[in-house]
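Grab your viewer and work through these short exercises. Each one sets a task and then walks through a solution.

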Amino acid sequence: MTITNTRRSLLLALLLLPLVVQFGAAQSTTALRLISTSYAGTTVTIVDPATNKVVGRIPEIEVSRSAAVSPDGSRIYVVGLADRELVVVDAKTLQITKRLKVDGRPDYTSTSPDGRHVYVGLGSPNVIDVYDT
């Protein structure tokens with residue numbers, strides 16, 4: 001699906017909103033975490049915003065552009081610009097479980113409210129890839 005620049009700008013702004021996420025939402029305790037991607041490196045960093053301490057790292061995702069978390073808190077989705085991929089990470093173990101090639105240059109990612117789809121906004125071409133979870 002191709003979208004106009006105005007609609008694309010609005011969509012990209014909406015995709016950037018979920019930077020602070022809850023892990024373990026389906027469990028009895030919920031932890032608030034900040035996911036920091038690295039446009040100039042290969043590691044995604046997980047930070048506890050209450051203490052400003054690093055509580056985890058996800059290695060081997062070169063030029064990570066953006067991240068999203070499944071609504072149930074079980075998976076983290078990260079787009080890797082260098083390898084043009086969507087990386088699926090187990091949120092509990094921070095281990096990569098799957099790498100999916102995308103159809104262009106990935107910019108942003110988000111999940112559907114029900115968690116059944118992951119969206120990857122591609123800067124080139126100007127489209128959105130949709131993946132079933």
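**Exercise 1. Decide whether T111 is buried or exposed in this predicted model.**

Solution. Start with the relative accessible area of T111, which comes out at 17%. Next, bring in the cut-off: buried means under 20%. T111 therefore counts as buried.

**Exercise 2. Place T111 in its strand and list what T111 touches beyond four places in sequence.**

Solution. First the strand: T111 belongs to strand 9, which covers residues 105-111. Now the contacts. Leaving out residues up to four places away in sequence, T111 touches A68, V69, S70, P71 and Y77, plus H117, V118 and Y119. Then zoom in on V69: its backbone oxygen sits 3.5 Å from a polar atom of the T111 side chain. Finally, check a C-alpha distance: T111 and A67 are 44 residues apart along the chain, and their C-alpha atoms are separated by 9.8 Å.

**Exercise 3. Work out the strand order of the open four-stranded sheet and find its edge strands.**

Solution. Read off the order first: 5-6-7-8, with antiparallel pairing. The edges are strand 5 (64-69) and strand 8 (96-101), since each of these pairs on one side only. As for the twist, neighbouring strands here are turned by 20° against each other on average, ignoring direction.

**Exercise 4. How many bridges join strand 5 to strand 6, and which residue is the bridge partner of S64?**

Solution. Strand 6 spans residues 75-80 and runs antiparallel to strand 5, with five bridges joining the two. For S64, look in strand 6: the bridge partner is G80.

Conventions:
Residues are numbered from 1 along each chain as its sequence is written. This is a predicted model: local features need pLDDT of at least 70, side-chain atom pairs count only at pLDDT 80 or more; totals for chains, interfaces and linings use all residues. Side-chain values use heavy atoms; hydrogens and water are left out. Buried means under 20% relative accessible area, exposed over 50%, partly exposed in between (1.4 Å probe, protein chains only). Contact means heavy atoms within 4.5 Å. A polar contact is a pair of N or O atoms within 3.5 Å; within protein, one must be able to donate a hydrogen and the other to accept it, and residues adjacent in sequence count only if both atoms are side-chain atoms. Two strands pair if DSSP finds at least two bridges between them. Axes are lines fitted to C-alpha atoms, for helices over the stretch in contact, and angles run from 0 to 180 degrees between N-to-C directions.
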